[in-house]
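Here is a quick tour of one structure, starting with a bound ligand and working outwards. Have the viewer open as you read.

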Amino acid sequence: MSKQNNKKKKDDKVILIVSIILIIAIAIFGIFFIKGQKDKEKEITYDKLYQDIIAKKVEKIEMTIGGSSVTVKYIGEDEEKTTHVNSLQPFMEFVNSQLLENPEMKVDLKTPNQFLAFFENILSFLPTILLVVLMFMIFQMQGLGEKGKVYGENEDNSTNVKFADVAGLDEEKNELIEIVDFLKNPKKFQNMGAKIPKGILLYGKPGTGKTLIAKAIAGEANVPFISMSGSEFIEMFAGLGASRVRKLFEKAKKIAPCIVFIDEIDAIGSRRTSNSGAESENNQTLNQLLVEMDGFESSETIIVLAATNRPEMLDKALLRPGRFDRQVTIPAPDLLGREEILKLYTKDKKISKDIDLKELAGDTAGFTGAELSNLLNEAAIIATRNNHKVIEKEDIETAVKKITVGLEKHNRVVSEKDKKLTAYHEAGHAVVSKFLETQDNVKEISIIPRGLTGGYTMYKTNEDKYYVSKTELEEKMIALLGGRAAEKIALNDISTGASNDIEVATGIARDMITVYGMSNSLGPISLKVDEPYELQIFGEDITDEVGNQVKELVDVAYVNAQKILIDHIEILHKVAHELLEKETISEQEFDSFFVE
Ligand code: ADP
Ligand code: ZN
């Protein structure tokens with residue numbers, strides 16, 4: 001954390017300096033401008049001066065050798081006027097000729113004041129100098145010339161992360177422990193003739209601990225950890241990305257053995273497709289990365305770890321031997337993993353004895369490590385706000401809801417009509433699910449608005465699934481469309497509230513056809529297109545058929561949802577009315593509607 005603060009402080013300083021320079025620049029421009037305006041008032045044209053000299057109206061003329069301005073004093077006037085001449089020589093000749101006719105006129109020819117002239121020159125260059133300085137500082141801020149943030153070099157506690165701080169992920173740690181060995185004893189492996197890997201790609205959703213595990217490798221091997229994020233390049237000036245990559249590796253070579261971590265590598269390493277604008281900028285950065293990866297010897301023991309959650313986006317060139325030829329998937333934690341993570345993050349928190357972490361792990365299927373750590377932190381905040389001595393079960397439940405469905409919005413005014421619609425919509429989801437074999441049990445139904453939704457139906461999910469059957473997917477769609485079906489059947493009207501359900505259901509249907517090969521007519525074929533040219537292998541009849549099949553799956557699910565609700569219309573009415581009365585119904589209350 002302290003490095004981030006340092007970086008922030010540094011940025012603040014730069015911003016301060018830039019602002020001061022800007023203010024000075026504006027002031028100087030201002031002075032020049034005002035001075036210019038004043039001078040303008042006193043200015044006369046050369047033609048007028050010419051005429052006036054001939055007309056003998058002029059008392060005195062002042063000129064500076066090498067200068068271009070002429071100061072004129074008129075007879076009977078106090079204020080002096082000025083004019084500019086392109087070339088002094090012909091003007092002086094003219095004045096000399098006039099002196100014969102008008103000897104009264106005084107002519108003063110000054111030698112220039114060296115010091116003043118020098119100072120004036122500097123002053124006129126000042127805005128330019130300031131601009132250059134300003135540009136330079138902006139470049140600095142953008143990261144040009146930045147050496148790359150070095151963690152663990154001069155900082156003491158930065159790579160104190162150890163494998164023990166990474167909960168769960170045992171297999172992955174086992175796979176990566178080898179890297180620690182490489183970093184610690186490179187000689188041992190080299191003597192054996194073994195090539196030390198250069199690049200390892202970590203695949204996984206955000207928050208699954210990819211950065212954490214990379215830091216832990218550096219920590220265990222006691223080597224510096226330097227990092228950058230692919231997304232940092234997106235807003236950069238042309239050419240900066242590549243130079244940044246070069247500097248990062250320059251640094252790495254200096255401090256090797258070390259770990260270089262590139263987060264969100266897909267931002268720079270996505271497929272090179274065209275040569276236009278931002279993309280060609282990305283290509284330069286990617287090319288530089290490839291050059292660097294190929295450039296260092298494996299004896300230099302720099303190990304590059306890169307993280308992404310979109311492996312399919314990566315340019316294949318990155319995955320060639322000698323580059324990122326090893327890939328490790330970092331999955332979202334399973335039941336045991338979640339329990340371990342919860343244990344780790346409750347260690348330093350006061351927590352009530354009746355909280356069963358195993359049960360909580362069961363209730364948080366799909367949560368990543370980051371979300372679990374966030375959950376406990378939220379719970380601690382909620383407990384403090386509720387003046388509890390320790391974190392209670394209810395604090396954790398509130399925190400889970402807050403994270404999964406957004407914050408409760410008590411003060412949003414909901415019209416009776418909207419309430420009724422929401423009640424039937426949510427009751428529809430819940431009742432339909434009850435009659436579907438594969439669907440999870442309902443845990444809570446509510447018509448209190450949360451986040452963006454008008455209400456919600458929460459399900460109990462305490463099973464980690466690795467495979468999902470076709471029936472399960474079909475029934476999932478039915479449950480999703482149960483909301484819309486209830487609106488239609490009970491109120492004979494439909495609302496926009498079902499848009500997300502419909503989107504998700506359609507997505508499932510599409511994946512069933514194009515990814516899981518579950519369509520009867522198309523069979524087990526993958527229609528997911530990775531490369532633009534792959535589209536060409538499928539004719540129009542196939543793409544039409546995909547559309548038809550997706551539509552059919554969704555239609556069937558919608559009909560089934562309506563059928564279930566028509567068959568159990570009394571229960572639907574009862575649940576909806578109960579919701580209108582109580583706003584929230586628990587699992588037990590809901591189940592009581594089904595006992596005969
Ligand atoms: P990623 O790089 O995959 O997006 P991070 O490594 O940045 O995720 O994880 C974010 C935070 O989540 C970590 O700092 C840590 O607090 C927590 N975290 C994630 N996974 C784990 C884990 N397996 N064990 C302990 N903490 C974890
Ligand atoms: Zn819904």
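## Around ligand 1

In this predicted model, a polar backbone atom of Ala370 sits 3.4 Å from an oxygen atom of ligand 1. Tyr345 also reaches an oxygen atom of the ligand, this time through a polar side-chain atom at 2.6 Å. Ala167 uses its backbone instead: one of its N or O atoms is 2.9 Å from a nitrogen atom of ligand 1. On its own, ligand 1 would expose 560 Å², and the protein buries 79% of that.

Which elements give two or more residues to the shell? They are helix H7 (210-221), helix H11 (335-346) and helix H13 (369-385). There are 17 residues around ligand 1, and the ones that come nearest are Ala167, Gly207, Lys210, Thr211 and Tyr345. Sorted by class, the shell has nine nonpolar, five polar and three charged residues.

## The zinc site

Now for ligand 2, the zinc ion. Its coordinating atoms come from His425 (NE2), His429 (NE2) and Asp501 (OD), at 2.0 to 2.1 Å. Written as a sequence pattern, the donor residues are spaced H-x3-H-x71-D. His429 belongs to helix H15 (residues 416-434) and Asp501 to helix H17 (residues 499-514), so this pair ties together parts that are 72 residues apart in sequence.

Are these two donors buried or exposed? With a cut-off of under 20% relative accessible area for buried, His429 counts as buried at 6%, and Asp501 is buried too, at 12%.

## Gly483, next to the zinc donors

Helix H16 (residues 470-491) holds Gly483, a residue with 0% relative accessibility, so it counts as buried. What does Gly483 touch, once neighbours within four places in sequence are left aside? The contacts are His425, Gly428 and His429. Two of those names are familiar: His425 and His429 both coordinate the zinc ion through NE2.

For a backbone view of this area, take Gly483 and Ala423. Their C-alpha atoms are separated by 9.4 Å, while the residues are 60 apart along the chain.

## Ser229 and its partners

Ser229 is part of strand E7 (residues 225-229) and is buried, with a relative accessible area of 12%. Apart from neighbours within four places in sequence, Ser229 is in contact with Asp263 and Glu264. With Glu264 there is a side-chain to side-chain polar contact of 3.1 Å.

Ile265 comes from the loop between strand E8 (258-263) and helix H9 (266-269). How accessible is Ile265? It counts as buried, at 0% relative accessibility. The C-alpha atoms of Ile265 and Ser229 are 7.1 Å apart, with their positions 36 residues apart along the chain counted as separation.

## The chain as a whole

Stepping back, the protein chain has 20 helices and 13 strands. Of its 596 residues, 42% are buried. The accessible surface comes to about 33,600 Å², and carbon and sulfur atoms account for 54% of it.

How much of the contact network links residues 24 or more positions apart? Among contacts in the chain with a separation of 6 or more, such pairs make up 74%. The zinc donors give a local example of a long link, with His429 in helix H15 and Asp501 in helix H17 being 72 residues apart in sequence.

How values were computed: Residues are numbered from 1 along each chain as its sequence is written. Chains are lettered from A and ligands numbered from 1 in the order in which they are written. This is a predicted model: local features need pLDDT of at least 70, side-chain atom pairs count only at pLDDT 80 or more; totals for chains, interfaces and linings use all residues. Side-chain values use heavy atoms; hydrogens and water are left out. Donors are N, O and S atoms within 2.8 Å of the metal (3.2 Å for Na, K and Ca); water is not among the atoms, so sites may look incomplete. Helices (H or I, at least four residues) and strands (E, at least two) are DSSP runs, numbered from the N terminus. Buried means under 20% relative accessible area, exposed over 50%, partly exposed in between (1.4 Å probe, protein chains only). A residue is near a molecule or strand if one of its heavy atoms lies within 4 Å of it. A polar contact is a pair of N or O atoms within 3.5 Å; within protein, one must be able to donate a hydrogen and the other to accept it, and residues adjacent in sequence count only if both atoms are side-chain atoms. Accessible areas come from the Shrake-Rupley method with a 1.4 Å probe; for residues, only the protein chains shown count as cover. Ala, Val, Leu, Ile, Met, Phe, Trp, Tyr, Cys and Pro count as nonpolar, Asp, Glu, Lys and Arg as charged, and the others, Gly among them, as polar. Contact means heavy atoms within 4.5 Å.
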